[in-house]
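This report examines a metal site, the contact between two chains, and a set of salt bridges. The structure is shown first, and the discussion follows.

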Protein chains: 2
Amino acid sequence: MVTLSEENYLKAIYHLGKQGSLEVSTNAIAEQMETKASSVTDMIKKLADKNLVNYIKYQGVSLTKDGRLAAASVVRKHRLWEVLLVEKLNFSWDEVHEVAEQLEHIKSEKLINELDAFLNYPEEDPHGDPIPDKDGNIKKVEKLLLSQADVNNTCICVGVKNSSADFLKYLDKHHIALGTSIQIISKEKFDESMTIQVNNTLINISKTISNNIFIKKAL
Amino acid sequence: MVTLSEENYLKAIYHLGKQGSLEVSTNAIAEQMETKASSVTDMIKKLADKNLVNYIKYQGVSLTKDGRLAAASVVRKHRLWEVLLVEKLNFSWDEVHEVAEQLEHIKSEKLINELDAFLNYPEEDPHGDPIPDKDGNIKKVEKLLLSQADVNNTCICVGVKNSSADFLKYLDKHHIALGTSIQIISKEKFDESMTIQVNNTLINISKTISNNIFIKKAL
DNA sequence: ATATAATTTTAGTCTTGTCTAAAAATATAT
DNA sequence: ATATATTTTTAGACAAGACTAAAATTATAT
Ligand SMILES: [Mn+2]
Ligand SMILES: [Mn+2]
Ligand SMILES: [Mn+2]
Ligand SMILES: [Mn+2]
């Protein structure tokens, strides 16, 4: 049995572990979870006792096989619920996260499998993030950051790195959604801001923006 | 802010309060919640502090207006989720309760309103229980117990008093569902068992069974 | 190499929700 | 009316999960 709180820690370690070193630091977890380092240490010990993380004092943690599976299951649920909210319940992509944070902890194998089927086995959530399968495997897709695209290229928005409501609303305002075609018109050497064309409109975006939009090159 | 545990107590008091006296006893709550009377007393004090129940020591509790609204909201959510599970996610009526016990605590106004709309504003859950509206009002329907029906009457199953999986599976086995037509063939004086006809089949049922099936008289 | 800084852990406290055992209040029976 | 039984509350303890402050360890800079 994994508690709600344990699930949240596992998820945090899971996310931190795949964008950097395998060993995740106590402070990194504390920051991600908006909690204190001492609380993290306490919880890490519990997770280590349950064989969900590998832990050596002062050396950080990594997920065990069991831990990774448990974490992937939470992520799977989170993302499937987000799809339900957007596809069936009229939520916009900036509204889903908070609710999915609650729904991801509902415990029912049948529920999540039926949800998966009902949604027609989606491969991505509303932010372009991949949905792990039952065994925790995710389909790796080639994703570049818009900031890395070259001038004159045309590309397609396939995801967002940052899913905060503020950022998503910014994208809405400029009519950028998953699948939107973006053409790189020019790039400023000085601050790496870009002028891009979306739906025949030119927009100037900062490096901060282009750094948070995932794209693939248009065929 | 009402915690998950508080919501469960409010719901228990709500259910107990409408099938008997207005004042609900500590022991009754303890039994319903499978907890100890001392735990109930502790919680009652918290609920009284939050003005969710009226409480006089040794005299039992009743819900305040706020308490009743909070309780009805939980019941509303519980039953709407049960409808989703049965109508859209292939759950049978004996499988929904456990999951709905978890889902009823998800906090999102929008979610529950959209769910309501998505399900086409159902008035009853899969067990024939009425779904409170946003203001906590429920449509009272005339329901009799099958045990009270007279010989030779034909009636329609409109609900179950007991929603345990065992009982619901028993009904499935005998092809009794909501809307099923039931004819009272005979009634035994001694133990009040009945012979009923369902889909051209005769079944003998004990008083315990007939006491847990709600019916209305067929037109 | 040693002092300083940053990170991590420990020790001790708090809140929520639960429990057992004992005390207090209420209900029931003679 | 009084003894007995039942119900309810109180007192004290415990586990989970979080926090602060202090101690221990590791990293960094001269
Ligand atoms: Mn999310
Ligand atoms: Mn997402
Ligand atoms: Mn139910
Ligand atoms: Mn029900």
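In this predicted model, the manganese ion (ligand 4) is held by Glu82(B) through OE, Asp125(B) through OD and His127(B) through ND1, at 2.1 to 2.3 Å. Along the sequence, these donor residues follow the spacing E-x42-D-x1-H. The manganese ion (ligand 3) is 3.5 Å from the manganese ion (ligand 4), and Glu82(B) coordinates both. Distant parts of chain B are linked here: Glu82(B) belongs to helix H4 (residues 65–87), whereas Asp125(B), 43 residues apart from it, is in the loop between helix H6 (109–118) and strand S3 (144–145). Glu82(B) counts as buried because its relative accessibility is 1%, under the limit of 20%. Asp125(B), with a relative accessible area of 4%, is buried too.

The next topic is the contact between the chains. Chain B and chain A contribute 19 residues each. About 1,700 Å² is buried between them, and carbon and sulfur atoms give 73% of this area. Across this interface there are 0 salt bridges, but 6 residue pairs are in polar contact. On the side of chain B that touches chain A, H4, helix H5 (96–103) and H6 each supply at least two residues. H6(B) gives the most, with 5 residues. By type, the residues on this side of chain B comprise 10 nonpolar, 4 polar and 5 charged.

Over all chains, the whole structure has 18 salt bridges. Three of them are listed below.

| Salt bridge | N to O distance |
|---|---|
| Lys11(A) and Glu104(A) | 2.8 Å |
| Arg76(A) and Asp116(A) | 3.2 Å |
| Lys107(B) and Glu7(B) | 3.3 Å |

What does the salt bridge of Lys11(A) and Glu104(A) tie together? Lys11(A) lies in helix H1 (residues 4–17) of chain A and Glu104(A) in the loop between helix H5 (96–103) and helix H6 (109–118), so the pair joins parts that are 93 residues apart in sequence. Both residues, Lys11(A) and Glu104(A), are buried. Together with Glu101(A), they are linked in a network of salt bridges.

Arg76(A), in helix H4 (residues 65–88) of chain A, pairs with Asp116(A) in helix H6 of chain A, and therefore parts that are 40 residues apart in sequence are tied together. Arg76(A) is buried at 6% relative accessibility, and Asp116(A) is buried at 8%.

In chain B, Lys107(B) lies in the loop between H5 and H6 and Glu7(B) in helix H1 (residues 4–17), so this pair ties together parts that are 100 residues apart in sequence. Lys107(B) is partly exposed at 36% relative accessibility, whereas Glu7(B) is buried at 7%.

Notes: Residues are numbered from 1 along each chain as its sequence is written. Chains are lettered from A and ligands numbered from 1 in the order in which they are written. This is a predicted model: local features need pLDDT of at least 70, side-chain atom pairs count only at pLDDT 80 or more; totals for chains, interfaces and linings use all residues. Side-chain values use heavy atoms; hydrogens and water are left out. Donors are N, O and S atoms within 2.8 Å of the metal (3.2 Å for Na, K and Ca); water is not among the atoms, so sites may look incomplete. Helices (H or I, at least four residues) and strands (E, at least two) are DSSP runs, numbered from the N terminus. Buried means under 20% relative accessible area, exposed over 50%, partly exposed in between (1.4 Å probe, protein chains only). Contact means heavy atoms within 4.5 Å. Buried area is the accessible area (1.4 Å probe) that two parts lose on being put together, summed over both. A salt bridge is a side-chain nitrogen of Lys or Arg within 4 Å of a carboxyl oxygen of Asp or Glu. A polar contact is a pair of N or O atoms within 3.5 Å; within protein, one must be able to donate a hydrogen and the other to accept it, and residues adjacent in sequence count only if both atoms are side-chain atoms. Ala, Val, Leu, Ile, Met, Phe, Trp, Tyr, Cys and Pro count as nonpolar, Asp, Glu, Lys and Arg as charged, and the others, Gly among them, as polar.
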